[in-house]
Amino acid sequence: MNKAEAKTRIAKLREEIAYHRYNYHVLDKTTISEAALDSLKHELYKLEQEHPDLITPDSPTQRVGGKPLAKFKKIKHARRMLSMEDVFSFEEFEAWYERGRKLSGKNQLDLFCMPKLDGLAISIIYKNGVLETAATRGDGTTGEDITVNVKTIESVPLNLMSEKGLEIPGTVEVRGEVYFPEEAFEKMNQEQLRNDKPAFANPRNAAAGSVRQLDSKITAGRGLAFMAWDLEADFGQKTESDEWELLKKLGFRAVENSVVCKYLAEVRKHWEALQKKREKLGYWIDGMVVRVDDNIVFNKLGVVGKTPRGLVAWKFPAEEATTVVQNIEWFVGRTGALTPVAVVNPTFIAGTTVKHASLHNYDEIKRLDVRVGDTVILYKAGDIIPKVKEVLKNMRPDGTHAVHQPRQCPVCGSDVVKKDEEVAIYCKNPRCFAQDREAVLHAAKSFEIDGLGPATVSAMIEKKIVQRAPDLFGVTAEELLGLEGFAELSAKKLVDEIQNKKTIPLANFIVALGIRNVGLETAHDLARHFGSFDKLRQASVDELSAIEGVGQVVADAIVDFMKQEHNQEMIDDYFKQGIVIKNPTQQSQKLAGQSFVLTGTLESLTRDDAKDRIRALGGDVSSSVSKNTDYVVAGEAPGSKYDKAKKLGVKILSEREFLTMLGR
Ligand SMILES: [Zn+2]
């Protein structure tokens, strides 16, 4: 990106961030998810780092929190309350560390690691050991006077504790986080609903709203808590870990689960452990703060803008992020259907780098009006590729065009056709390379063959080693050696893997054939009903459509598939290659004693069907989540049961995981 482009982009980012921040911090209104806003801020921060001359004093990166509300008295902070730079991956964290290490001239830096509480940062001043004032962070220089309210928080000491030999300076400032314990948050939300008031969406908003009450009785009733993370007074402490000990001695809850790490690997381990632990803490954290432990080194590293160099917040994976659409490509599936995919600037969501996002079909493109060059919000649900949630239209650059549907297949160049009453468009060519490749990949997945990716399958088809899926089982190591990227060992490994997967459960084999509208769920119904592939092969439409879970459309598709000569050949080829089908045995009671709760909408079966299936296997279905629940099955748009399960640490199953559990 050149300077002029960066300038335009920065301006757009600032405008968008300012809009959402005003809503969030001043009006207590959420117009964008926290994660998406973080993502915008992160991009701005990075661009400004690349072009420091474009940083202006009014950039969102140059201020902390929102403007103080006029209705509160203002308090000027003795020392600015700084903010933190966020990083989202180990690589970014490592880069932060390396920069600090070089700047400090040290070989190694001890790092103090603490959970990042999802609350509201405040400053409390003690004069001669007595709480005098408390203020919000505000814009970093001036905050709001919330003394009366903070005094209602039981975990804030009104007098500093002192022990023998501990000399307390005349003025002591303690900074930390006001937060909501989960129980208090839930109680308050129930109260809100009882009084016909809206529930708070997240604990940080709720904490901010509760501490900024003009009537302190309201604050007092809400059960807020406080943990300290900074001591601005000279007790002779040399490190952040010393400070923790001091804070505890003075009567505070210093942020718990904090440790000193000597090596990056240790930091990473602690970060991972915290992420696992977060559901069980009883309060919300959204990442880990890492600070250079040694105060002299920390101060020497200094401050850039409003963030200290010696401090960083390594956030937990977010479920949403913003990015820019580079291109919209059409992907050809095994049925020949063309699916649009957005190619995006790499971004980090839920722990992985994402370069593609699903757009489903042309109607979706029209609905979103997504264009090349647009800034979009992506979100991830389950283990599938992320979807485009929203286009930030204010950020659209000039000269974009609406996306058109292609007239030709992008792979083979054949015309595309639209089938009646379907949204999708299809490549007309039945021997389209993309379709062959996808069919082979689909079969490989059903046979659970590991290590066989699209690139290898493409190469196999190009070299005519494989034409259709059954050919996979005849592939030799010698043939693979002719392909790029294969050495003797890797070729043998893949051949062994394929040969080891020759035995397949009947349901999976039915899926492997790639009959339209026959997914794993239907395949299980068919397998259970017929018990063997031969019987299914000879079944009539009437017999098929009479099976529960199989409708007329599916019955027609199956009979039509079995009739076609090239499919009969394919099936025979499978048997010639020596594959073995494992027929289903008697219905087991494998879920006996297990309790399930369903939430959200399942795609492949109704809730009643899901209940029947669980019960048929001996399991129980309950309508509410408790500690005794073994699994919560979460479909599309899950409700409060999902949150409850997360809180209680109950195992949550995606639809796919649930079907797998039923199936085998
Ligand atoms: Zn094609």
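Me: How are contacts in the protein chain distributed between residues at least 6 apart in sequence and residues at least 24 apart?

Reply: A contact is counted where heavy atoms lie within 4.5 Å. Among such contacts between residues at least 6 apart in sequence, 67% join residues that are at least 24 apart. The model is a predicted one, in which local features need pLDDT of at least 70 and side-chain atom pairs count only at pLDDT 80 or more, while totals for chains, interfaces and linings use all residues. Residues are numbered from 1 along each chain as its sequence is written, and side-chain values use heavy atoms, with hydrogens and water left out.

Me: What are the overall contents and extent of the protein chain?

Reply: The protein chain holds 24 helices and 26 strands, these being DSSP runs (helices H or I, at least four residues; strands E, at least two) numbered from the N terminus. Along the principal axes, its C-alpha atoms fill a box of roughly 90 × 60 × 50 Å. The domain assignment, whose bounds come from an automatic or database source, gives domain 1 (3–61), domain 2 (74–315), domain 3 (320–427), domain 4 (433–582) and domain 5 (595–663). The centres of domain 2 and domain 5, taken over C-alpha atoms, are separated by 37 Å.

Me: What makes the cysteines C409, C412, C427 and C432 donors of the zinc ion?

Reply: A donor is an N, O or S atom within 2.8 Å of the metal (3.2 Å for Na, K and Ca), and sites may look incomplete because water is not among the atoms. The SG atoms of C409, C412, C427 and C432 lie 2.2 to 2.3 Å from the zinc ion, so they meet the 2.8 Å limit. Their spacing in sequence is C-x2-C-x14-C-x4-C.

Me: Why is the site of the zinc ion called tetrahedral?

Reply: Four donors count as tetrahedral if all angles lie between 85 and 135 degrees. The angles among the 4 donor atoms are 99 to 116 degrees, so the site satisfies that rule.

Me: How do you know whether C427 and C432 are buried or exposed?

Reply: Buried means under 20% relative accessible area, exposed means over 50%, and partly exposed lies in between (1.4 Å probe, protein chains only). C427 has a relative accessible area of 6% and C432 has 0%, so both are buried. In the protein chain of 664 residues, buried residues make up 50%.

Me: Why are β5 and β8 described as standing at the edges?

Reply: The open sheet contains 4 strands in the order β5-β4-β7-β8, with antiparallel pairing. β5 (130–136) and β8 (225–232) each have a single partner strand, so one side of each lacks a neighbour in the sheet. From one strand to the next the twist averages 30 degrees.

Me: How do you know that β4 and β5 pair?

Reply: Two strands pair if DSSP finds at least two bridges between them. Strand β4 (residues 120–127) and β5 share 6 bridges in the antiparallel sense, so the requirement is met. One of the partnerships joins I122 to T136 in β5. The loop between β4 and β5 contains G129, which is buried at 10% relative accessibility. Leaving aside neighbours within four places in sequence, G129 is in contact with L158, N159 and L160.

Me: Where does helix α8 lie, and against what do its buried residues pack?

Reply: Helix α8 (residues 240–249) lies across β7 (171–179) and β8, running at about 130 degrees to β8; axes are lines fitted to C-alpha atoms, for helices over the stretch in contact, and angles run from 0 to 180 degrees between N-to-C directions. Its buried residues are E240, S241, E243, W244, L246 and L247. They pack against β3 (111–117), β7, β8, β9 (259–261), β10 (285–292) and α10 (295–301). After α8 comes G251, with a positive phi near 105 degrees.

Me: What makes β10 largely enclosed by the rest of the structure?

Reply: β10 is largely enclosed because 8 of its 8 residues are buried. It is joined to β3 by 7 antiparallel bridges, and F112 stands opposite R291 in β10. With strand β13 (residues 311–315), β10 pairs in the antiparallel sense over 5 bridges, and M288 has W314 in β13 as its bridge partner.

Me: How is strand β17 covered and joined to β14 and β18?

Reply: In strand β17 (residues 375–379), 4 of the 5 residues are buried, and the strand is mostly covered. Strand β14 (residues 320–332) is joined to β17 by 5 antiparallel bridges, with Y379 in β17 as the partner of E320. Strand β18 (residues 387–391) is joined to β17 by 4 antiparallel bridges, and L378 is partnered by V388 in β18.

Notes:
Tetrahedral: all angles 85-135°; square planar, octahedral: opposite > 155°, others 65-115°.
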